[in-house]
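Thanks, everyone, for making the time this morning. I would like to walk you through one model, beginning with the chain as a whole and ending at its surface.

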Amino acid sequence: MKHENLTVLSLGGIGYGLIELCWRGHTHWTMVATGGACLLLLYHMNQLWQREYLVFRCIKGAILITCLELAVGIVVNLLCRWNVWDYSNSPGNLLGQICPLYFLLWYFLCYPIYLLVGFIYQKFHSAD
């Protein structure tokens with residue numbers, strides 16, 4: 001189980017870091033850590049939500065990611081003042097840390113994420 005969680009955490013961190021590099025041209029170590037945490041949470045939540053329609057799992061996943069982004073943003077950007085990101089100019093933003101556009105992007109990203117975590121789960125549990 002330790003290797004399973006470490007693998008998922010690492011894949012999430014690396015994957016999110018690469019997405020940020022492609023999207024914004026740079027990333028920050030806190031985003032790599034947050035990406036790892038998000039994938040690990042989605043990995044385990046997928047097992048709890050597996051009987052639900054994928055569309056509902058993706059909505060819940062986008063909510064989970066957005067809440068984690070808000071929490072990290074409050075600490076990293078507002079309290080520590082590291083200015084890793086700022087959505088203040090985005091419509092509907094909350095404290096400049098989250099906005100509807102990124103919630104929507106997280107929603108659509110959850111579709112391939114759930115395929116990925118399902119595949120990873122099968123690889124780790126196929127011998128059971």
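What follows is a short tour of the fold, the overall dimensions and one patch on the surface.

Please keep in mind throughout that this is a predicted model. As for the secondary structure, the chain has 4 helices and 0 strands, so that, read from the N terminus, the order of elements is simply α-α-α-α.

Turning to dimensions, the C-alpha atoms fill a box of roughly 50 × 30 × 25 Å along the principal axes. The radius of gyration is 15 Å, which agrees with the value near 14 Å that a compact globule of 128 residues would have. Contacts tell us about the sequence distances involved: among those with a separation of 6 or more, 60% join residues that lie 24 or more positions apart.

How much of the chain is buried, then? Of its 128 residues, 36% count as buried, while the accessible surface of the chain comes to about 7800 Å², with 70% of that area belonging to carbon and sulfur atoms.

On that surface I would draw your attention to a nonpolar patch of about 480 Å², which is made by Tyr53, Val55, Phe56, Ile59 and Ile63. One of these residues, Phe56, has its place in helix H3, which covers residues 54-79. Phe56 has a relative accessible area of 44%, and because the partly exposed class lies between 20% and 50%, Phe56 is counted as partly exposed rather than as buried or exposed.

I will stop there and take questions.

Conventions. Residues are numbered from 1 along each chain as its sequence is written. This is a predicted model: local features need pLDDT of at least 70, side-chain atom pairs count only at pLDDT 80 or more; totals for chains, interfaces and linings use all residues. Side-chain values use heavy atoms; hydrogens and water are left out. Patches are made of residues with over 30% relative accessible area and no salt bridge: like charges are joined within 9 Å, nonpolar side chains (Val, Leu, Ile, Met, Phe, Trp, Tyr) within 5 Å. Accessible areas come from the Shrake-Rupley method with a 1.4 Å probe; for residues, only the protein chains shown count as cover. A salt bridge is a side-chain nitrogen of Lys or Arg within 4 Å of a carboxyl oxygen of Asp or Glu. Helices (H or I, at least four residues) and strands (E, at least two) are DSSP runs, numbered from the N terminus. Buried means under 20% relative accessible area, exposed over 50%, partly exposed in between (1.4 Å probe, protein chains only). The radius of gyration is taken over C-alpha atoms; the globule rule is 2.2 Å times the number of residues to the power 0.38. Contact means heavy atoms within 4.5 Å.
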